[in-house]
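Visitor: I would like to learn how to read this structure, one feature at a time. Could you walk me through it?

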Amino acid sequence: MTVFAPCCQPPLGLIPVTLTHYLIASALLFAIGLAGIMTRRNVLMILLCIELMFNAANLAFVAYARALGDLGGQVVVFFIITVAAAEVTVGLAIAVLLARQLKTLNADEVSLLKW
Amino acid sequence: MAETVFFYLFTTLMVLSALSVVFSRRPIYSVLSLLIAMFCLAALFVMLGAYLVAALQVLLYAGAVLVLFLFVIMLLNLEPEASARMRVFTLRTTGTLAALLLFFALFGILRGAGQPTPPGAQATPGTVESVGRLIFTTYLLPFELTSFLILAAIIGAVTLAKQHSNE
């Protein structure tokens with residue numbers, strides 16, 4: 001067993017990156033975002049974790065756009081970024097309103113549609 | 001070879017910062033960790049040939065969305081979340097378990113999915129020109145509709161956050 005591996009045979013674990021690698025990274029990011037949404041109680045933290053899940057979806061779209069040779073996936077990511085920006089704008093406005101009127105940002109305490 | 005090394009480097013950093021987003025107590029730390037995750041994701045997009053999307057990721061997410069988050073968090077002066085309640089603990093356990101379950105389900109599905117059939121032509125890189133051409137020809141109608149969405153979001157945000165002067 002030589003110290004230096006021959007150049008034509010990559011050492012174990014350094015297999016070329018395929019579509020599946022990117023998809024599994026995306027799934028990992030999505031699961032972390034889901035864990036955040038289910039464990040955090042702060043409205044702002046929930047919004048941040050939704051952003052994480054959006055980004056996981058973006059990664060999957062771009063990976064498939066590369067694998068299929070179709071730029072449509074990247075256009076979809078462009079739309080997702082736009083929708084996420086709109087969602088964050090309205091969500092943060094609601095969070096400011098909650099903090100101002102109910103004096104709380106805990107999602108458990110905000111259970112009424114009208115007060 | 002270099003791609004493999006950079007993939008694992010950026011993915012590890014991205015996953016660690018994503019975990020830090022979820023589990024750090026202070027909201028400011030969460031937002032700054034998300035910033036790191038966004039930059040790692042932009043690096044992955046560059047590796048996948050999506051140059052315009054990577055630039056948009058840095059400009060829009062890191063530049064606009066996260067700054068908005070920072071503004072609101074500093075404006076509201078959030079306290080670290082209260083902890084050590086029984087209900088919170090069970091919630092945390094079930095939430096983490098559900099996320100793990102989802103991840104392993106996705107993992108199994110994605111492993112079994114395999115590679116799609118490779119395209120006949122060489123994959124074009126997602127430069128401003130190629131993606132922009134696609135947006136303004138094939139996807140023109142959805143692109144125009146996003147302007148309505150943004151207009152609605154602006155109006156909604158302004159109406160919601162406006163101080164009611166008559167009260």
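**Reading the model**

Guide: Happily, and let's begin with confidence: chain B has a mean pLDDT of 84, with 86% of its residues at 70 or more; pLDDT is the predictor's confidence in each residue, from 0 to 100. This is a predicted model, in which local features need pLDDT of at least 70, side-chain atom pairs count only at pLDDT 80 or more, and totals for chains, interfaces and linings use all residues. Residues are numbered from 1 along each chain as its sequence is written, while chains are lettered from A and ligands numbered from 1 in the order in which they are written.

Visitor: Which elements of chain B have the lowest and the highest mean pLDDT?

Guide: Helix 4 (residues 86–113) of chain B is lowest, at 81, and helix 2 (residues 27–47) of chain B is highest, at 92. For the model as a whole, ipTM is 0.86 and pTM is 0.86.

Visitor: How many helices and strands are there in chain B?

Guide: Helices (H or I, at least four residues) and strands (E, at least two) are DSSP runs, numbered from the N terminus. Chain B has six helices and zero strands.

Visitor: What share of chain B is buried?

Guide: A residue is buried if 20 or more other C-beta atoms lie within 10 Å of its own, with C-beta atoms placed from the backbone. In chain B, 23% of the 167 residues are buried.

Visitor: How do helix 1 of chain A and helix 2 of chain A cross?

Guide: Axes are lines fitted to C-alpha atoms, for helices over the stretch in contact, and angles run from 0 to 180 degrees between N-to-C directions. Here helix 1 (residues 19–39) of chain A and helix 2 (residues 43–68) of chain A have axes that come within 8 Å and cross at roughly 165°. The two helices of chain A are therefore roughly antiparallel, a label for angles over 145 degrees.

Visitor: Which residues meet there?

Guide: Contact means C-beta atoms, placed from the backbone, within 7 Å. Leu19(A), Tyr22(A) and Phe30(A) are among those of helix 1 of chain A, and the partners in helix 2 of chain A include Met45(A), Cys49(A) and Leu59(A). This contact has 20 nonpolar, four polar and no charged residues; Ala, Val, Leu, Ile, Met, Phe, Trp, Tyr, Cys and Pro count as nonpolar, Asp, Glu, Lys and Arg as charged, and the others, Gly among them, as polar.

Visitor: How many residues does each chain bring to the contact between chains?

Guide: Chain A brings 62 residues and chain B 69. Helix 3 of chain A gives the most to its side, with 22 residues.

Technical notes: A residue is buried if 20 or more other C-beta atoms lie within 10 Å of its own, exposed if 12 or fewer, and partly exposed in between; C-beta atoms are placed from the backbone. Angles under 35 degrees count as roughly parallel, over 145 as roughly antiparallel, 65 to 115 as roughly perpendicular and the rest as oblique. Two residues are in contact if their C-beta atoms, placed from the backbone, lie within 7 Å.
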